[in-house]
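The following explanation leads through one protein chain, from a single side chain outward to the sheets and cores around it. Please keep the sequence and the model in view while reading.

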Amino acid sequence: MAACLALVAVAACSGSILPRPRITDAPTASVEITPSPVPATATPQPTPTPMPTPVTYRIKPGDSLSGIAVRVHRTLGQLLTANPEITDPNHIEAGQLIVIPDANAPDIPPSLASVEDVQADLVDESGFEVTGQSYADFLGFAARLRDTDLLMEMQLLSGPPSVDPSVETVTYTINIDTNDDGEPDFAVTYGNAVGDQPGYAASLRNLGTGEELVGFFFPGTVEEQGDNIRIAVSLAAIGDTGGYALAAGVKRSFFPGGATDPQVETSVDLAPDEQWPSPNARWIRVGD
């Protein structure tokens with residue numbers, strides 16, 4: 001982002017601003033004053049302030065800008081401000097040299113944010129590690145603002161399966177905090193057992209009022225693209241507050257003997273890993 005420097009030109013005044021000498025008709029005395037020579041004094045030159053050497057980092061294969069920001073303890077907005085040539089944080093190239101700004105460098109509210117997730121980090125509802133299916137394992141989660149929509153993308157090892165919900169349910173959930181109080185205000189759900197909708201369907205639930213917009217009434221769109229699920233929600237439906245904190249999760253429940261089987265097998269994956277109601281909850285944030 002280029003900074004604009006304003007140059008102010010000061011014009012020299014050709015007319016004297018000293019008072020004019022007084023002229024008298026009959027001066028009473030005439031005194032001749034010989035000025036004493038004044039030794040010339042060299043005007044001290046200001047000592048130039050040394051400019052700090054910029055810190056740079058060369059991008060390696062597998063790097064992401066959000067991952068670099070975490071490692072160097074900067075925000076994504078600070079990196080974007082210091083490197084205006086990066087127009088899309090999701091597209092950086094190995095070998096590219098970027099500037100790492102000072103810790104107090106200017107920041108901008110990110111219009112795009114993302115978080116990576118470790119593979120094979122599934123747990124059950126008690127927090128114990130379990131093995132699971134690739135469609136219930138996050139690689140990452142990203143969100144961005146676009147015009148009047150909030151766009152969210154869940155990146156998986158493989159796309160959602162076509163399974164009978166009486167045997168296996170798969171539910172992808174995105175919690176949205178709209179008022180920056182650290183707790184979700186809305187939940188977007190996409191799964192094969194949402195309400196009474198056939199197949200996969202989406203819903204938006206207001207966690208304060210309990211109101212839920214499902215299926216045809218969902219105020220947005222869902223698109224599956226390979227291993228990714230892309231969801232757009234109208235900002236008007238969640239409140240156009242200018243800034244949002246988000247966290248995603250996926251839960252798989254498998255009933256070997258059918259939906260009434262008490263021997264249910266579950267797996268859960270979160271992105272970021274530590275979320276509300278954890279005391280150290282983490283979110284990704286877009287906007288102000």
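Leaving aside its neighbours within four places in sequence, with which residues is Ile-176 in contact? In this predicted model, the partners of Ile-176 are Leu-150, Met-152, Pro-184, Asp-185, Phe-186, Val-188, Ile-238, Tyr-244, Ala-245 and Leu-246. Ile-176 belongs to the largest nonpolar core, which has 33 residues. Together with Phe-141, Met-152, Ile-174, Ile-231 and Leu-246, Ile-176 is among the members that touch the most others in that core. A second core, separate from this one, holds 12 residues, including Leu-65, Ile-68, Ile-86 and Ile-98. In soluble globular proteins, nonpolar side chains tend to be buried together.

The chain as a whole provides the setting. Its 288 residues include 36% that count as buried, and its secondary structure consists of three helices and 14 strands. Among contacts with a separation of 6 or more, 56% are made by residues 24 or more positions apart. The accessible surface of the chain is about 18,300 Å², and carbon and sulfur atoms contribute 55% of that area.

Several of the strands form an open sheet. Five strands are arranged in the order β3-β4-β5-β11-β10, and their pairing is antiparallel. Strands β3 (112-116) and β10 (220-225) stand at the edges with a single partner strand each, so one side of each has no neighbour in the sheet. From one strand to the next, the twist averages 10°. Within this sheet, β5 (residues 149-156) and β11 (residues 228-234) pair over seven bridges in the antiparallel sense. Leu-150 stands opposite Val-233 of β11; Leu-150 is also one of the contacts of Ile-176.

Attention now turns to strand β8. This strand covers residues 201-206, and five of its six residues are buried. On one side of the pairing, β8 is joined to β7 (residues 186-191) by six antiparallel bridges, with Ala-187 and Arg-205 of β8 as bridge partners. Strand β8 also pairs with β9 (residues 212-214), again in the antiparallel sense, over three bridges; here Leu-204 has Leu-213 of β9 as its bridge partner. The hairpin of β8 and β9 has five residues between the strands, and Gly-210 in this hairpin adopts a positive phi near 85°. Strands of a sheet pair through backbone hydrogen bonds, either parallel or antiparallel.

Is Ser-203 buried or exposed? Ser-203, a residue of β8, has a relative accessible area of 1%; because this value is under the 20% limit, Ser-203 counts as buried. Its contacts beyond four places in sequence are Ala-187, Val-188, Thr-189, Val-194, Glu-212, Leu-213, Val-214 and Phe-218. With Glu-212 there is a polar contact between the two side chains, at 3.0 Å. Ser-203 and Leu-213 are 10 residues apart along the chain, and their C-alpha atoms are separated by 5.4 Å.

Thr-189 lies in β7 and is one of the contacts of Ser-203. Its relative accessible area is 16%; because this is also under 20%, Thr-189 is buried. Not counting residues up to four places away in sequence, Thr-189 touches Ala-201, Ala-202 and Ser-203, as well as Thr-171, Tyr-172, Thr-173 and Val-194. Val-194 is thus listed among the contacts of Thr-189 and among those of Ser-203.

Notes. Residues numbered from 1 in each chain as written. Predicted model: local features only at pLDDT ≥ 70, side-chain atom pairs only at ≥ 80, totals over all residues. Heavy atoms only, no water. Helix = DSSP H or I, 4+ residues; strand = E, 2+ residues; numbered from the N terminus. Buried < 20%, exposed > 50% of the residue type's maximum accessible area, 1.4 Å probe, protein only. Contact = heavy atoms within 4.5 Å. Areas by Shrake-Rupley, 256 points an atom, 1.4 Å probe, with all protein chains shown as cover. Pairing = 2+ DSSP bridges. Axes fitted to C-alpha atoms, helices over the stretch in contact; angles between N-to-C directions. Core = buried A, V, L, I, M, F, W, Y, C linked by side-chain atoms within 4.5 Å. Polar contact = N/O pair within 3.5 Å; in protein donor to acceptor, adjacent residues only side chain to side chain.
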